[in-house]
Amino acid sequence: MKAAGILALIGCLVTVTEPKVYTRCKLAKIFSRAGLDNYQGFSLGNWICMAYYESHYNTTAQTELEDGSIDYGIFQINSFTWCRRAKLQEKNHCHVACAALITDDLTDAIICAKKIAKETEGMNYWLEETLEGKDLSEWKKGCEVS
């Protein structure tokens, strides 16, 4: 009986991270407020489209790659180059823990995504097909952004 009570207490103390899956329009609003619209020449539609294809808007998405690195969060940011998992050989160019990229608060993920877009080949870092010059305004259609 005492053991069951202790197990119940431990169960209450364990925090479970529930995946947060944003809607397209909620992300449009968050991304717009964060200054992603036309950042490095990419429209809000580009960013919304990319987030959909990378994570289906799931903040806790993680993908283990063949090289042992992991892509994290809504933008699937790679652990080897951009964030810190725990290994010293990781470059951590965004100066952020990978765990910070899989929370409901998208601040760190957006800051890091901006850095990636600025310091690499823009959206092409994520997508094989170039998005430059493509009209992706459909991705924000019907969304109120401010």
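Is Tyr52 buried, exposed or partly exposed, and what is its relative accessible area? In this predicted model, Tyr52 is partly exposed, at a relative accessible area of 29%. The value falls in the partly exposed class because buried means under 20% and exposed means over 50%.

**Aromatic pairs**

Across the whole structure, a search finds 10 aromatic pairs. One of them joins Tyr52 and Tyr53: the ring centres are 5.1 Å apart and the planes stand at 85°, so this pair is edge-to-face. A further pair joins Tyr52 and Tyr57, with ring centres 5.5 Å apart and planes at 65°, so it too is classed as edge-to-face. Both assignments rest on the angle between the planes, because planes over 60 degrees apart count as edge-to-face.

Tyr52 thus takes part in a pair with Tyr53 and in a pair with Tyr57. The two partners of Tyr52 fall into opposite classes of accessibility: Tyr53 counts as exposed, with a relative accessibility of 51%, whereas Tyr57 is buried, with a relative accessible area of 6%.

Elsewhere in the chain, one aromatic cluster is formed by Phe31, Trp47, Phe75, Trp82, Tyr125 and Trp126.

**Charges over rings**

Two tyrosine rings have a lysine placed over them, as the table shows.

| Lysine | Ring | Distance from the ring centre |
|---|---|---|
| Lys20 | Tyr22 | 4.9 Å |
| Lys114 | Tyr39 | 5.4 Å |

Lys20 lies over the face of Tyr22. In the case of Lys114, the charged end of the side chain sits over the ring of Tyr39.

**Positive phi angles in loops**

Which residue has a positive phi of about 50° although it is not a glycine? That residue is Gln76, and its place is the loop between β2 (70-72) and β3 (77-78). Gln76 counts as buried, at 4% relative accessibility.

Asn92 likewise is a residue other than glycine with a positive phi, here near 55°. Asn92 is found in the loop between β3 and α4 (107-119). With a relative accessible area of 10%, Asn92 is buried. Strand β3 therefore borders both loops: Gln76 lies in the loop between β2 and β3, and Asn92 in the loop between β3 and α4, where strands are DSSP runs numbered from the N terminus.

Definitions and conventions:
Residues are numbered from 1 along each chain as its sequence is written. This is a predicted model: local features need pLDDT of at least 70, side-chain atom pairs count only at pLDDT 80 or more; totals for chains, interfaces and linings use all residues. Side-chain values use heavy atoms; hydrogens and water are left out. Rings of Phe, Tyr and Trp (its six-membered ring) pair if their centres lie within 6.5 Å; planes under 30 degrees apart count as stacked, over 60 as edge-to-face and the rest as tilted. Buried means under 20% relative accessible area, exposed over 50%, partly exposed in between (1.4 Å probe, protein chains only). A charge sits over a ring if NZ of Lys or CZ of Arg is within 6 Å of the ring centre and within 35 degrees of the ring normal. Helices (H or I, at least four residues) and strands (E, at least two) are DSSP runs, numbered from the N terminus.
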